[in-house]
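Please examine the sequence and the model shown below. The report that accompanies them concerns strand pairing and side-chain charge contacts.

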Amino acid sequence: MLLRHTPKEIPERKALTVNPAKTCQPIGAMYASLGIHGCLPHSHGSQGCYAYHRSTLTRHYKEPVLAATSSFTEGASVFGGQANLLQAINNIFTIYDPEVIAVHTTCLSETIGDDIPQIFGKAESEGKIPEGKYVLHANTPSYVGSHVHGFANMTKAMVDYFATSNGHKEKCINLIPGWVEPSDMKEIKRIAAEMGVKSILFPDTENVLNGPQTGKFNMYPKGGVTIDQLKKTGSSRGTIALGRMTSGPAAKALDAKCKVPCEILDLPIGLKATDRFVDAMRKMAGVTVPDSLNLERGQMLDIITDMQAYFYHKKVALVGDPDQLEALTEFLVDIDMMPIHIVTGTKNKAFEKRIKELTADVPHEVNVKSGGDMFLFHQWIKNEPVDLMIGNTYVKYISKDEDIPFIRHGFPILDRIGHSYFPTVGYKGGMRLLEKILDALMDRQDRDATDITMELVM
Amino acid sequence: MSSISILEERQAQIHTKGTAPFNMSCDKKSLAGSVSQRACVFCGSRVVLYPIADALHLIHGPIGCASYTWDIRGSLSSGPELHRMSFSTDLQERDIIFGGEKKLYASLVSLIDKYSPKAAFVYATCIVGLIGDDIDSICRKVAKEKGIPVLPVHSEGFKGTKKDGYKAACDAMANLVGTGAIEGIRPTSINIMGEFNIAGEAWTIREYYERMGLDVVSVFTGDGRVENIKRSHGAALNVVQCSGSMMHLAQHMKAKYGIPFKRVSYFGIEDMSKALYDVAEFFQKDYPEVMEKTQTLVREEVKAIYPILKRYKERLKGKKAAIYVGGAFKAFSMIKALRSLGMDVVLAGSQTGTDEDYQVLREMCDDGTVIVDDANPLELSKYSIEKGVSLFVGGVKERPMAFKLGIGFCDHNHERKLSLAGYSGMLNFAKEVYASVTSPVWQFAPYGKR
């Protein structure tokens, strides 16, 4: 019993997080930054922060993750980090030669009160930013929000720094994918291309964090949205933002700054959410949905039809980030499963309301908590066991202790591969999710079958 | 790749043996803007203390520091698993403004009530140092109220390097040492220091000492227990591995309790055997039978693995290796162990080596070997390619870099999955190195076999 220290009783806790279901803002900013082509993320704080972010992202993707740090000392903590950041900008452009440096702050530099735009101004006037190179920044205090906000803030910074309107509305539409995997970003681009829609997707970690084995170590892999593309987002016909929390702020900023209208949708996980995404694209771009996509949709629907008996009223517990959980919950309800425990570590009022709406017709009591943790999640499961759990790698402890099947989804996944290469968004991704759910449930049924009840055909 | 430039200020941290007078610049903070592989003070403290399985580890700060260190080290416990939980005060904006002391107090009290730990460690993170929470007085207050040791760990991230974190951890443990009863501890007892029981390594080492007729009072800190640490001053000798992390405590115990220490390494046949013989020699005068048992042990163990190692050596002979580790002391054993497998180390470096370490490293290395302090991935990949290495030994951040380059890899850090300590560990190491260096995957790589 790895988590033998988790009791069934749930006393009220005020001042404490146990077994977190979130982490801090900067790692989200770092992940988003890696979705810009030729970008070196930079952590303005002490040395440990970025070492942890790099290690965690490396463990999740099994890819090299590069970033730089301001490497704060006691001096910087007293007198401010301006000198460190100026030196860092100079060193980075001189030695590592990126196209762009994406600076995110930390609890340390935020509390000291470093003014990043002012420091950028000084770097510019001192000629430390070479011609044709760029810097951008996002404020990501670790004591506000979670990794989800960090991703959202850096994505918004891409708009704040680069989006410009050329006065025309081009045929292109902007796609903001939210915090999803490189494979998902690729799938979103593929769906747009399949529909004949010209798009700019940002951030874009495809081919950055799922690169091939080439025999070379590339500091700046091929993928990522270019600065030129980011500039053009201001002249697009419209924006589709996927994920209310991770993509919403950037889409609104683009509307405010360049008058690019936006639709803010759920992540396209599951049938309905994908339908809404495809439909929004159809309307915005003025195209028709091609047969090829209808075929994929039909196939996904076919699986749900064929296997309905196995989904029926199975109880599911979910832990993860709000955008993912909202889409997943809707999907599970649609395939007649019962999501009954839903926890996110990220505080967000709208989340609980939305989940309650989505699960209004679930014939079971539903627990939902934003700002919760894995400890609470586990306690809920102890009190009301489930048939399946969905969450990041840390759920494996609960899975082992409670002997409940579990599928990995979210961040971080430290112990399996697949998420980098195979999407869970769109109809194809939906089929993969269905396969994973069925594998978990049916493997369990086979395992639990006696010699007498073992079924060949399922 | 060969044209990468080196930061001018970093020239003094890179040395090619045989080229210039040796004057390694080390033991300093990384440059701003560098892509270093290092971590922070908190990281140092956390990795050292975390294996103490029956203690409460509460991280006082925003959530990140707790999330990133939640059970990542793979230190095994034979009993309690409290160390595998992640506890954080999860400081919010209002706490930064008004201070986090109340939250810390409330968290500590409720956790101690719930789990009855044998001791509690409270880690101060960057922000705590900045907002000035007086964690010392809170710890004193709670210790008094709850009757267990509550120890502040001053591990604010910006206050130095990972090594300063080791020191902060040692300072915290020093408060426990000497507070337990030492009756019944035999004069042939030792403490194992700097062994963290990753993949069960401390169990292997402990068994060796027991076969020599010695008792182990406390392991610092693998499979660690508070009670054992409290009475560890009853041991006759401290045996210190991974010198970077535990030397400070060993020196403290020598000064305060007169307990001598020996620096050892459990990696590779040569150093493993030397460690056991050094310890046996310490007891030689009064307990000559220890040496006899040690000789038997070493003979049996070496006999069991030598023929197999020889077969690996035949196939690995002449291949080149790079090593980049946390503490330099580990590098010494690694060089010897790789040599015993017939391999040549052509690139060696560490995150936190001292001047003294690098002098030793230089003497051990062959001419032409590149020695680096606090290197970045560009430097590591540049020299790996230039030197034509077939094996890289490093940690989490080096693995994907090596694999992208088509170089075999062995994790000798937190992510080792097999015990690499002791004689059986050497065999595991040889197997792992052999498997990766000769993996058929390299035949598919675009550049062919390196």
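The text below treats a group of parallel strands and then the salt bridges.

**Strands and crossovers**

The structure is a predicted model. In chain A, strand β11 spans residues 338-344, and 7 of its 7 residues are buried. Strand β11(A) has a parallel partner in strand β10 (residues 315-320) of chain A, with 6 bridges between them. Within this pairing, Ile342(A) of β11(A) lies opposite Leu318(A). The connection from β10(A) to β11(A) runs through helix α14 (residues 322-334) of chain A, and this β-α-β crossover is right-handed.

Strand β11(A) also pairs with strand β12 (residues 367-370) of chain A, again in the parallel sense, over 4 bridges. Here Asn367(A) in β12(A) is the bridge partner of His341(A). Helix α15 (residues 349-358) of chain A carries the chain from β11(A) to β12(A), in a β-α-β crossover that is right-handed.

**Salt bridges**

Over all chains, the structure holds 52 salt bridges. Three of them are listed here with their N to O distances.

| Basic residue | Acidic residue | Distance, N to O |
|---|---|---|
| Lys283(A) | Asp279(A) | 3.4 Å |
| Arg444(A) | Asp403(A) | 3.5 Å |
| Arg84(B) | Glu81(B) | 3.6 Å |

What separates Lys283(A) and Asp279(A) along helix α11 of chain A? Both belong to this helix (residues 271-285) and are 4 residues apart, which means a separation of about one helical turn. Lys283(A) has a relative accessibility of 58% and therefore counts as exposed, the cut-off for this class being over 50%. Asp279(A), with a relative accessible area of 27%, is partly exposed.

The salt bridge between Arg444(A) and Asp403(A) links distant parts of the chain, the two residues being 41 residues apart. Arg444(A) belongs to helix α18 (residues 426-448) of chain A, whereas Asp403(A) sits in the loop between α17 (395-402) and β14 (406-408) of chain A. Asp403(A) counts as partly exposed because its relative accessibility is 37%.

In chain B, are the residues of the salt bridge between Arg84(B) and Glu81(B) buried or exposed? Arg84(B) and Glu81(B) are both buried.

Charge contacts in chain A also form a network: Arg244(A), Asp266(A), Arg276(A), Glu326(A), Glu330(A) and Arg354(A) are linked by salt bridges.

Terms used
Residues numbered from 1 in each chain as written. Chains lettered and ligands numbered in written order. Predicted model: local features only at pLDDT ≥ 70, side-chain atom pairs only at ≥ 80, totals over all residues. Heavy atoms only, no water. Buried < 20%, exposed > 50% of the residue type's maximum accessible area, 1.4 Å probe, protein only. Pairing = 2+ DSSP bridges. Right-handed = clockwise from strand over helix to strand, strands pointing away. Salt bridge = Lys/Arg side-chain N within 4 Å of Asp/Glu carboxyl O.
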